[in-house]
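User: I am a first-year student and would like a close look at a single part of this protein. Please take me through the sheet and what packs around it.

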Amino acid sequence: HGLGPTDPRAMHRRSCESFPVISDSVAAAEKTGAPFSAVLFDARGHGKSSGWEPMAGCIQQFHWRNLAFDMLTVASNFRHLPIRKQRGALLGGFSMGASTALWAAHLCPTLVRGLVLFSVTTAWEIRAARRSYLLKCVEKLEGTDPAAAEVVKGAAYTDLPSLEDLAASKLQIPVLLCAARDDKTHPAEVAERLNTVLPKAELLVMDTKEELNQAFPSHLGSWLQRNFSEMEE
């Protein structure tokens, strides 16, 4: 799910704008006949997550590269699912969740067998330009929810790996990148740049968010069949 910069505690796996399309996508994936199961969770600092509040001032815990370890931990706790015999987990997410998943694969490539990156966040110089907006959200939250303010502050100072580092990592896993050209919060340009440095990436770009939401479920199903047919064995 996304950050929810005005109220991260209200942002959780079911309240995020991506939930309906993710639900439809999981249903479409299950229709492929593969032993596919999806695990959704609330990221650190969001929704019903807990235990982070006493150390909220350590904003590095909310950086995407650190949220990546939470995602990998969740994945490891579901090794009893039908895909347990396969190497690593198929990770994905929307917005902040997508960026978290990319960091997980970049840091621990042997634990990840594929990525679904739906509406990746801003990054690099585009991220730097968004920082002032996020810090204004921090100022508004400090008076009402100081811990939540630290969550957003952490997000303001995080970023994706550089394109140079991603190219050097030579990630040999299938990656599905999805973006909409009318989505200014999740610029298609970021997905297009990522597509140039991820060797096995596939890019789905639509003109509008509505078109992307409509196209994504069936596209995900076909992508899974093309790249993970061994799941049916």
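Is C178 buried or exposed, and what is its relative accessibility? Please start there and continue to the strands around this residue.

Analyst: This is a predicted model. C178 counts as buried because its relative accessibility is 0%, and the cut-off for buried is under 20%. This cysteine belongs to a core of 14 residues, whose members also include L204, F216 and F228. Another cysteine, C108, has a relative accessible area of 18%, so this residue too is buried, being under the 20% limit. A disulfide is a covalent bond between the sulfur atoms of two cysteines. In this model the count of disulfides is zero.

The strand that holds the position opposite C178 comes next. C178 lies in strand 3, where it stands opposite F118. Strand 3 covers residues 175–180 and pairs with strand 2 in the parallel sense, over four bridges. Strand 2 also pairs with strand 1, again in the parallel sense, here over seven bridges. In general, strands of a sheet pair through backbone hydrogen bonds, either parallel or antiparallel. The whole sheet is open, has four strands in the order 1-2-3-4, and shows parallel pairing. Strand 1 and strand 4 stand at the edges; each has a single partner strand, so one side of each is left without a neighbour in the sheet. From one strand to the next, the twist averages 10°.

Strand 2 deserves particular attention. This strand runs over residues 112–120, and nine of its nine residues are buried. Strand 1, residues 89–95, is mostly covered as well, with five of its seven residues buried. Two pairs of residues help to trace how these strands lie against each other. A89 stands opposite V112 of strand 2, and S95 has V120 of strand 2 as its bridge partner.

S95 is itself a useful residue to follow. It is placed in strand 1, and it counts as buried because its relative accessibility is 7%, under the limit of 20%. Leaving aside neighbours within four places in sequence, S95 is in contact with G2, F118, S119, V120, T121 and H186.

One of those contacts, S119, has an unusual backbone angle. Most residues other than glycine have a negative phi. In S119, however, phi is positive, near 55°. S119 is found in strand 2 and counts as buried because its relative accessibility is 4%. K170 offers a second case, with a positive phi of about 50° although it is not a glycine. The setting of K170 is the loop between helix 6 and strand 3, and K170 is exposed because its relative accessible area is 58%, over the 50% limit.

The helices complete the picture. Helix 3, residues 96–107, joins with strand 1 and strand 2 in a right-handed β-α-β unit. This helix lies across strand 1 and strand 2, and runs at about 145° to strand 1. Helix 8, residues 209–227, packs on the sheet and touches strand 1, strand 2, strand 3 and strand 4; its direction makes about 170° with that of strand 3. Helix 7, residues 188–197, has A188, V190, A191, L194 and V197 as its buried residues. Helix 3, strand 2, helix 4, helix 6, strand 3 and strand 4 are among the elements that cover these buried residues.

Finally, the nonpolar side chains can be considered as a group. In soluble globular proteins, nonpolar side chains tend to be buried together. The largest nonpolar core here has 52 residues, and those with the most contacts inside it are L91, L115, L117, V120, L160, V190 and L194. L160 illustrates how residues come together in this region. Apart from neighbours within four places in sequence, L160 is in contact with W64, S99, L102, W103, V120, A123, W124, V190 and L194. Among these contacts, V190 and L194 are buried residues of helix 7, while V120 is the bridge partner of S95. The core of 14 residues that includes C178 lies apart from this larger core.

Technical notes:
Residues are numbered from 1 along each chain as its sequence is written. This is a predicted model: local features need pLDDT of at least 70, side-chain atom pairs count only at pLDDT 80 or more; totals for chains, interfaces and linings use all residues. Side-chain values use heavy atoms; hydrogens and water are left out. A nonpolar core is a set of buried Ala, Val, Leu, Ile, Met, Phe, Trp, Tyr and Cys residues joined through side-chain atoms within 4.5 Å. Buried means under 20% relative accessible area, exposed over 50%, partly exposed in between (1.4 Å probe, protein chains only). Contact means heavy atoms within 4.5 Å. A disulfide is a pair of cysteine sulfur atoms within 2.5 Å. Two strands pair if DSSP finds at least two bridges between them. A crossover is right-handed if, with the strands pointing away from the viewer, the path from the first strand over the helix to the second runs clockwise. Axes are lines fitted to C-alpha atoms, for helices over the stretch in contact, and angles run from 0 to 180 degrees between N-to-C directions.
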